[in-house]
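Biologist: I would like a close look at a single part of this model, the surroundings of the ligand, with the rest brought in where it helps to place that part.

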Amino acid sequence: MSNPQDILRAPHERIEQIQLEGFKKTAVNCYENIPFYKKSFDDAGFNPYAITSLADVAKAPFVTKQDLRDAYPYGMFAVPLDQVREIHMSSGTTGVATVGGYTKHDLDIWADCFARGLWYAGCGKGDVVQVAYGYGLFTGGLGAHYGSMRSGATVIPTSAGSTERQIRIMREMGTTALCCTPSYAMHIADTAIDMGLDPAKDFTLKCGIHGAEAFSDNLRAELERKLDYKVLDIYGLTETMGPGVAIECLEQNGLHLAEDHFYAEIIDPKTGELLPDGEWGELVLTSIDREACPVVRYRTRDITRIMPGACACGRTHRRIDRLHGRTDDMLIIRGVNVFPSQIEDVMETFPEVASWYRIELTRRNGLDVVTLKAEVNPDYAFDEIAAIERLQKRMKGAMKSALSVNIDVKIVEPKSIERSTGKAKRIVDLR
Ligand code: DLL
């Protein structure tokens, strides 16, 4: 049997061949088995039987999250239910949930995609992977579970929460890889420190496979310092599979797309036009070999770019840059577009504040007001009111000059912003 990692170093022409064959099959599968695609391909004049090159992908119409929602529950399934082994769903907090189904084959490729993260980190047989992503409808827990098993490692399925117990298990069982959101990893590290431990010495971690939310370079550096391990960023979404669509290697310079399973494009989110490599825009994904819920040109709403050039690690799968956020997270503050990550970038230039923050949106006299609540760094005196006020003013000034918007800044005490065991809630809309 061939080594499942060989494909990661295959010549790119070989990968493109796989993509073309896969795209042909996927487009026909969608057209023949999912009424939504039949109608949308016909309306757009897209003929799935006439595909001859990968450039034809861009001729197909898009599919959006709303289209998937409208098809709830089973409208986007291309196979009979008796072939579907597992179902996951997005949380649906902002509307109807989107549903992802997996055949045996789909579960298999998912395991493979996630396992790559552990392989990239040099983990596998003999390693102990603690999965502290939530198990359930969220794809984090089970995706990491299947991937850990596939990598050859031993898996401890702690799921998210019970943080002190996570810490005891991590120490006592000799965990070498931690899979959870980056914000939960930080909470685990801080809780361990509060328990009187030095996680850099008391834990035996080699790597953390952290994703499901955007996190800054600063937060990564702080995690790596506190836990003495390597943090690899992992990206994915329920609508196209779950975690493992793209993962960083140890170069930590972009996330390698699983190009043998997905074809990626970057478009201008306003016009839908294709953008060249290197330019930032919205990521659009086409699955190459998913059976139950294939997607053709799914608009992820996530903003990234294809990184030009080859990775120093020698793997040939192209990379996307770390995600800046979602198009729908973008704040429009009195007419100016601002991403929370841009606010975070400015915040990071102030060593007096830690990486915990929350952006609150309120209304005052009919106008939107944006307040950044940032926790003061524990090493910094919080009781010197005058100094805190000066800091708030300086941060507000820095936001204004960098982003051309007024953002009120409120420095709050360490650990006063609520911690989450899953995705951190960074934006709170109180309007
Ligand atoms: O968050 C799947 C996942 C689980 C990915 C565990 C990584 C690790 P959803 O709940 O459907 O699925 O949310 C998908 O989360 O469209 C992005 O906006 C965001 N997201 C996921 N990974 C990253 C990342 C999972 N590494 C949505 N960086 C996506 C930034 C991310 N944002």
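Which atom of the ligand does a polar side-chain atom of Thr238 approach, and at what distance in Å?

Modeller: Bearing in mind that this is a predicted model, the partner is an oxygen atom of the ligand, and the polar side-chain atom of Thr238 lies 2.5 Å from that oxygen. Two further contacts involve nitrogen atoms of the ligand: a polar side-chain atom of Asp233 lies 2.7 Å from a ligand nitrogen, and for Ile234 a backbone N or O atom lies 2.7 Å from a ligand nitrogen. The protein covers 92% of the 610 Å² of accessible area that the ligand has on its own. Helix H5 (139–151) and strand S7 are the elements that give two or more residues to the shell around the ligand, and the largest share, five residues, comes from S7. In total 19 residues surround the ligand, with Asp233, Ile234, Thr238, Asp302 and Lys423 as the closest. By character, the shell divides into nine nonpolar, five polar and five charged residues.

Strand S7 (230–237) also leads away from the ligand, since S7 is among the elements that give two or more residues to the largest nonpolar core. That core has 43 residues, and those with the most contacts inside it are Tyr37, Tyr235 and Ile320. Helix H1 (12–33) is another of the contributing elements, and H1 gives the most to this core, with five residues. Ile320, for its part, touches Tyr235 as well as other residues distant in sequence, including Ala246, Leu255, Leu257, Leu283 and Ile306. Apart from this core lies another, of 25 residues, among them Val346, Met347, Tyr357 and Val376. As a general background to such groupings, nonpolar side chains tend to be buried together in soluble globular proteins.

Strands S8 (242–248) and S9 (255–257) also give residues to the largest core, and the loop between S8 and S9 holds Gln252. The phi of Gln252 is near 50 degrees, a positive value in a residue other than glycine, and at 23% relative accessibility Gln252 counts as partly exposed, because the partly exposed class begins at 20%. Most residues other than glycine have a negative phi, and most peptide bonds are trans. Against that background, Ser159, in the loop between strand S4 (154–156) and helix H6 (163–172), has a positive phi of about 60 degrees, and the peptide bond from Tyr72 to Pro73 is cis, with omega near 0 degrees.

Note on methods
Residues are numbered from 1 along each chain as its sequence is written. This is a predicted model: local features need pLDDT of at least 70, side-chain atom pairs count only at pLDDT 80 or more; totals for chains, interfaces and linings use all residues. Side-chain values use heavy atoms; hydrogens and water are left out. A nonpolar core is a set of buried Ala, Val, Leu, Ile, Met, Phe, Trp, Tyr and Cys residues joined through side-chain atoms within 4.5 Å. Buried means under 20% relative accessible area, exposed over 50%, partly exposed in between (1.4 Å probe, protein chains only). Helices (H or I, at least four residues) and strands (E, at least two) are DSSP runs, numbered from the N terminus. Contact means heavy atoms within 4.5 Å. A residue is near a molecule or strand if one of its heavy atoms lies within 4 Å of it. A polar contact is a pair of N or O atoms within 3.5 Å; within protein, one must be able to donate a hydrogen and the other to accept it, and residues adjacent in sequence count only if both atoms are side-chain atoms. Accessible areas come from the Shrake-Rupley method with a 1.4 Å probe; for residues, only the protein chains shown count as cover. Ala, Val, Leu, Ile, Met, Phe, Trp, Tyr, Cys and Pro count as nonpolar, Asp, Glu, Lys and Arg as charged, and the others, Gly among them, as polar. Lists of a residue's contacts leave out its neighbours within four places in sequence.
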